[in-house]
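Got the model open in your viewer? Let's take a walk through it, one selection at a time.

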Amino acid sequence: MRVMKLISLAVILVMISALAVGAASPEQTPPTVKHVPINNAPSNSGKEMFNSYCAVCHGKDGKGNGPAASAMKTPPTDLTVLAQKNGGKYPGAHVAAVIRGQAGLASHGSPDMPVWGPLFSSISQGHEGQVQQRVANLVSYIETLQAK
């Protein structure tokens, strides 16, 4: 009888210990951005390029809520309010300059967010016309995301 009580007590202690260990919150590592090589999305589709290149940070809806957003040092811009923040006019030329890395924004070109102009040039094998087409189609697609 005494042995049964000791075994029961031991089992209860093991169960309590297991629950305590399981309940303790494990140390979470901060999210990080995984850098992968650029893929060659079709240059004639702004939507496909956006989904391939931009949505991971800006979200498919462009609101800055993509899966990698929480790992960014600077939160991704909500691309749906660009016109709203510019007096109701979509700033297409500025958006193109940002994409190409010519706008001097700290977030573009940082380790978190690449400058797409040189990357587009690399996958277009230096053909400037194709780079311009990529940027223009991406700028046009982002315009369709603007809040009404």
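What follows is a tour by selection, starting with the whole chain and ending at a loop.

**Whole chain**

Keep in mind that this is a predicted model. Turn on the cartoon and count: there are five helices and zero strands, so to speak a plain α-α-α-α-α when you read along the sequence. Colour by burial next, and 33% of the 148 residues come up as buried. If you draw a contact map and keep pairs at least 6 apart in sequence, 47% of those contacts join residues at least 24 apart.

**The core**

Which residues touch the most other members of the largest nonpolar core? Select Phe 50, Tyr 53, Ile 99, Phe 120, Leu 138 and Ile 142; the core they belong to has 22 residues. Helix 2 (46–58), helix 3 (92–100), helix 4 and helix 5 each give two or more residues to this core. Helix 5 gives the most, with six residues. Keep helix 5 on screen for the next three stops.

**Helix 2 against helix 5**

Show helix 2 together with helix 5. Their axes come within 8 Å and cross at roughly 90°, which means helix 2 is roughly perpendicular to helix 5. For the side chains, pick Gly 46, Lys 47, Met 49, Phe 50, Tyr 53 and Cys 54 on helix 2, then Arg 134, Asn 137, Leu 138, Tyr 141 and Ile 142 on helix 5; these make the contact. Colour them by class and you get seven nonpolar, two polar and two charged residues.

**Helix 3 against helix 5**

Now swap helix 2 for helix 3. Helix 3 packs on helix 5 at an angle of about 125°, with the axes 9 Å apart, and that makes the pair oblique. The crossing is right-handed. On the helix 3 side, select Gly 92, Val 95, Ala 96, Ile 99 and Arg 100; on the helix 5 side, they meet Glu 128, Val 131, Gln 132, Val 135, Leu 138, Val 139 and Ile 142. By class, this contact of helix 3 with helix 5 holds eight nonpolar, two polar and two charged residues.

Stay on helix 3 and pick out its buried residues: Gly 92, Val 95, Ala 97, Val 98 and Ile 99. What do the buried residues of helix 3 pack against? Helix 4 and helix 5.

Zoom in on Val 95, which sits in helix 3. Is Val 95 buried or exposed? Its relative accessibility is 8%, so Val 95 counts as buried. Leaving out residues up to four places away in sequence, Val 95 touches Leu 82, Tyr 90, Val 139 and Ile 142. Try a distance label too: from the C-alpha of Val 95 to that of Val 135 is 9.1 Å, and the two are 40 residues apart in sequence.

Before leaving, step off the end of helix 3 onto Gly 101, which follows the helix and has a positive phi, near 85°.

**Helix 4 against helix 5**

Next, show helix 4 (residues 116–123) with helix 5 (residues 128–144). The packing angle is about 130° and the axes are 9 Å apart; helix 4 and helix 5 are therefore oblique to each other. This crossing is right-handed. Select Gly 117, Phe 120, Ser 121 and Ile 123 on helix 4, and Val 131, Arg 134, Val 135 and Leu 138 on helix 5, to see who meets whom. The classes here are five nonpolar, two polar and one charged.

Centre on Phe 120. Which residues does Phe 120 touch, not counting residues up to four places away in sequence? Ile 38, Tyr 53, Ile 99, Val 131, Arg 134, Val 135 and Leu 138.

Then click on Leu 119, also found in helix 4. Leu 119 counts as partly exposed because its relative accessibility is 27%. Label the C-alpha distance from Leu 119 to Ile 38: 7.3 Å, for two residues 81 apart along the chain.

**Last stop: the loop**

Finish in the loop between helix 4 and helix 5, and select Gln 125. What is the sign of phi at Gln 125? Positive, at about 50°, although Gln 125 is not a glycine. Gln 125 is exposed, with a relative accessible area of 68%.

Definitions and conventions:
Residues are numbered from 1 along each chain as its sequence is written. This is a predicted model: local features need pLDDT of at least 70, side-chain atom pairs count only at pLDDT 80 or more; totals for chains, interfaces and linings use all residues. Side-chain values use heavy atoms; hydrogens and water are left out. Axes are lines fitted to C-alpha atoms, for helices over the stretch in contact, and angles run from 0 to 180 degrees between N-to-C directions. Helices (H or I, at least four residues) and strands (E, at least two) are DSSP runs, numbered from the N terminus. Angles under 35 degrees count as roughly parallel, over 145 as roughly antiparallel, 65 to 115 as roughly perpendicular and the rest as oblique. A crossing is left-handed if the near helix is turned anticlockwise from the far one by less than a right angle, and right-handed if clockwise. Contact means heavy atoms within 4.5 Å. Ala, Val, Leu, Ile, Met, Phe, Trp, Tyr, Cys and Pro count as nonpolar, Asp, Glu, Lys and Arg as charged, and the others, Gly among them, as polar. A nonpolar core is a set of buried Ala, Val, Leu, Ile, Met, Phe, Trp, Tyr and Cys residues joined through side-chain atoms within 4.5 Å. Buried means under 20% relative accessible area, exposed over 50%, partly exposed in between (1.4 Å probe, protein chains only).
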